[in-house]
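This report describes one protein chain for a reader who has not met it before. Please look through the sequence and the structure shown here, then read on.

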Amino acid sequence: MPNLSLKSKIFVGFAIIVLLLVANGVVSYLGLEYVRKDNALLSQVEATRNTIQRIDRDVQELKLRVARYVSTGYDSQREEANLLYDRLIENLDTARERQTDPVTSQFLEQISGHLEEYSNQFATVIQERSLREDLVEQQLTAQAEDVADRFARLASSEKSDTASDRALLEVLQAQASFALAEESLSRYFKAPDSQHDNTFIASIKATISKIESTEVSQSDREGLLETIDNFERLGIRAIQATRSYMFLLNVVMSGEAAEISYYSRVLRDRANASRDE
């Protein structure tokens, strides 16, 4: 350096300054790029947390709407549940499209799959509950009226015959057994319990047994037995429909909802861990 001319020294000094400026610019750029990427990652983590929170909130509300629909049968609750499902699917699709972490995307896909199965089971619940509603409010009511009418006609015919006191008593006993069957079935639909179900079946059998031993005309006996058999068949199908949608709601759909909650919790924990790093 001492042997260099003044011009060379100025040139070398200027070159060193330029190199330092370039190096400083490179370091600054790399630092800003790191900060930008870090902010982008934090923004994505925060967006994932917010999405998971919305999913958790909507899933809980979805479960509430489904339970209310099953309890009341109101179409408004069913429609709200379907709207919530559509919103959940839309939020999940949007979150997957914006997600760059493959593990998080996989968890979101798992949630979508369980949510779709939840919706499919809910559709079956709607069908089974609608079937039970039709059976209870329409078909069983009409069939019970038919049975009551046949009992009334049979009792009236026995009253007109003074020699048939025993037959009349058996008819009235059979009618009392059928009334117990109706009451047990009604209690079952208000509060499903196997005890009411068993009482219904036992009362129907007792009714049939009493009618078969009653000394009445064969045509009256066969007609009454046929209507009671139809009532029993409709009652059993309504019980099966009730058990079906209650099982789907309390076991299958609850299991799907638990899986959704599990994956949501995992994603929330991953997001919190990424934010704290």
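From the N terminus on, the elements run α-α-α-α-α-α, and the chain has six helices and zero strands. Helices (H or I, at least four residues) and strands (E, at least two) are DSSP runs, numbered from the N terminus. This is a predicted model, in which local features need pLDDT of at least 70 and side-chain atom pairs count only at pLDDT 80 or more, while totals for chains, interfaces and linings use all residues. Residues are numbered from 1 along each chain as its sequence is written, and side-chain values use heavy atoms, with hydrogens and water left out.

Of the 277 residues in the chain, 36% are buried. Buried means under 20% relative accessible area, exposed over 50%, and partly exposed in between (1.4 Å probe, protein chains only). Among the contacts in the chain with a separation of 6 or more, 76% are between residues 24 or more positions apart; a contact means heavy atoms within 4.5 Å.

Helix α4 covers residues 165–190. Its 26 residues reach 38 Å from the first C-alpha to the last, close to the 38 Å expected at 1.5 Å a residue; the expected span is 1.5 Å times one less than the number of residues. The buried residues of α4 include Ala-167, Leu-168, Phe-178, Leu-185 and Phe-189. Glu-170 is also one of the buried residues of α4.

Three residues in helices α3 and α4 are set side by side below.

| Residue | Helix | Relative accessible area | State |
|---|---|---|---|
| Ala-144 | α3 | 10% | buried |
| Ser-105 | α3 | 18% | buried |
| Gln-175 | α4 | 29% | partly exposed |

Leaving aside residues up to four places away in sequence, Ala-144 touches Glu-182 and Phe-231. The C-alpha atoms of Ala-144 and Thr-227 are separated by 8.3 Å, although these residues are 83 residues apart along the chain. Ser-105, with neighbours within four places again left out, is in contact with Arg-96 and Gln-99. Gln-175 and Lys-210 are 35 residues apart in sequence and 9.2 Å apart in space, C-alpha to C-alpha.

The next topic is the nonpolar cores. A nonpolar core is a set of buried Ala, Val, Leu, Ile, Met, Phe, Trp, Tyr and Cys residues joined through side-chain atoms within 4.5 Å. The largest one has 30 residues, of which Leu-62, Val-66 and Phe-122 touch the most other members. The elements that give two or more residues to this core are α1 (6–72), α2, α3 and α6 (218–276), and α6 gives the most, with nine residues. Apart from residues up to four places away in sequence, Val-66 touches Ala-81, Tyr-118, Phe-122, Leu-249 and Met-253. A second, separate core of 27 residues includes Leu-140, Leu-224, Phe-231 and Leu-234.

The structure also holds one cavity of 30 Å³ or more. On a 1 Å grid over the protein atoms alone, a cavity is a set of points where a 1.4 Å probe fits but cannot get out, and lining residues have an atom within 4 Å of a point. The largest cavity has a volume of about 30 Å³, the volume being the space filled by probe spheres set on the points. Its lining consists of Leu-62, Ala-81, Asn-82, Tyr-85, Tyr-118, Ser-119 and Phe-122. Helices α2 (75–98) and α3 are the elements that give two or more residues to this lining.

Notes: 1 Å grid on protein atoms, 1.4 Å probe; cavity = no way out; pocket = protein on both sides within 12 Å on 5 of 7 lines; lining within 4 Å.
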